[in-house]
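Open the model in your viewer and keep the selection panel at hand. The tour begins at the ligand and then moves outward.

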Amino acid sequence: MTSIDYESKIPNNVELSSDKRLQRALEHWLPKYLDWWHAMGPTDFETKDVYLRTAVGVDAEGWAQFGHVKMPDYRWGIFLAEPEKGRKIGFGDHLGEDAWQQVPGEYRNWLRRIIVTQADTEPASVEQQRLLGHTAPSMYDLRNLFQVNVEEGRHLWAMVYILHTYFGKDGREEAEELLERRSGNPDHPRILGTFNEPCESWLDYFCFTMFTDRDGKFQLLSLAESGFDPLARTCRFMLTEEAHHMFVGQTGVGRVVQRTAELMKAHPGRSPREFGALDLPTLQKYINFWSSSSTDLYGAEISSNSANFFGSSLKGRAWEMKKHTEHTALDQVKELDVFENGRFRKEQVPLRNALNEVLREEFIEDNQKGIEYWNRILAEQGIAERLRLPHRRFNRQIGMYAGHRFDPDGNLLTEEQWQAKRDEWLPSLEDRSYVKSLMKPVTEPGKMAGWIAPPPKGINGQPLDYEYVKG
Ligand code: BYC
Ligand code: FE
Ligand code: FE
């Protein structure tokens, strides 16, 4: 096992101290990162002691140590999953060759692009969430927000380590730019659409961690298969942290559903809004917005990039080795419903060109399970209404459905029909201002805002009324 260096400025299991040039380059990036964190992170909470999990190693016990920490003192480290001895490339044109420990020259640009795109989402999400601490519905939730924030910061470190180590001067330049783009800034935006959307309320936040962090899960799963071994190992470790982010989203929305259902049951025929909570139609609109925006994060249905990334053995499918038996994806097709000139037709697309859609389908299936979990909460309260996932065509900005209008069942609409219904399907200004009006901070340990049910248990075996955030 690689030894873990706790003493250096940058905790790591990559023997950073044995590469002085790299260490200096990263130590040079560190103050710039901290400047970014001070400006764009949860700035107003820097003096608070937060009960955080810190990764100090990659083995089962080592990677989660809990204790109160001030966020700027969080030890953002560089951790790669343990190397797999004699690992071979598992898919694409290089199937069966030794996994690469260096960047293959002919794929350098594609690989850099994938890594930069992945990296860019991490600080973007911190920027999107930076003001939410002011309106947390409980101290438990406040702590979870900050946990997610510091881990997204660590994910940025993970990618910057790779850029610095394997991409020389261009890598260092990319690392600087990652601190310069800004979520939602029209002149210098983040790369992918969803990461420029405002995340103004805790309902946005829970939907974001449910759906957008789940894109993280699936993209990381496919990069965890990469023939470029350092990337694969980095992503494998990131996935352990990602699970908590989706837990926050899944259970966060679940607790909202719980509270809403309890009020509907106690007051039949009246809107939970009358009791300062959220009604199901509003909830559904937020689900529609964040799930559709996150569905765009897989790129176009038919994509030469996806064929190139897979063919070059840089980006596999989710669970490529576990789930698939054929790993070249050659001489195979995927039948897609192609939408062109206002009509649908079936088309047999070469599989490699359809891999964005393959990954998107995994994502949709996982989302559906999340919806079913929320619907069980409704059923347990005896509520007949159900939540749903909108059709994948709904509200898309990327790919063949972009620029056209579809309802949540996937039926084609005219612009007029869409405009007439839009506010029934996506949050209206009125919905947004109502949701924002509920966002009042609750800071007493163990207390919850009136629009959300308490979680069944606290963090790391601590009671719910534990002081997760102090000072
Ligand atoms: N918005 O062939 P196309 C996470 C661009 S989330 C804007 O359609 P491709 C996290 C595309 O870049 C995981 N632009 O798509 C979650 C290309 O641009 P250029 C993030 C988009 O390349 C929460 C053009 O459209 N990781 O970790 O096959 C919190 C045509 O490309 C969008 C990754 O994404 C969009 N939605 O696939 C914190 C993994 N979609 O080159 C963290 C790395 C596409 O023409 N990324 N475009 O300027 C990739 O593998 C691929 O780049 C994509 C796109 C799957 C994103
Ligand atoms: Fe992340
Ligand atoms: Fe995440």
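Select the shell around ligand 1: six nonpolar, 13 polar and six charged residues. Here Ala, Val, Leu, Ile, Met, Phe, Trp, Tyr, Cys and Pro count as nonpolar, Asp, Glu, Lys and Arg as charged, and the others, Gly among them, as polar. This is a predicted model: local features need pLDDT of at least 70, side-chain atom pairs count only at pLDDT 80 or more, and totals for chains, interfaces and linings use all residues. Residues are numbered from 1 along each chain as its sequence is written, while chains are lettered from A and ligands numbered from 1 in the order in which they are written.

Next, label Gly216, Gly299, Ala300, Ser303 and Asn305, the closest of the 25 residues that surround ligand 1. A residue belongs here if its C-beta atom, placed from the backbone, lies within 6 Å of the ligand.

Now color the helices (DSSP runs of H or I, at least four residues, numbered from the N terminus). H2, H5 (202–223) and H8 each supply at least two shell residues. H2 gives the largest share, six.

Stay on H8, residues 304–311. Ser306, Phe309, Phe310 and Gly311 are buried, meaning 20 or more other C-beta atoms, placed from the backbone, lie within 10 Å of their own. What do the buried residues of H8 pack against? Show H2 (108–128) and H10 (355–380); contact means C-beta atoms within 7 Å, again placed from the backbone. Then step to serine 313, which follows H8 and has a positive phi, near 65°.

Finally, zoom out. The C-alpha trace spans about 65 × 60 × 40 Å along its principal axes.

Definitions and conventions. Buried ≥ 20, exposed ≤ 12 C-beta atoms within 10 Å, placed from the backbone. Contact = placed C-beta atoms within 7 Å.
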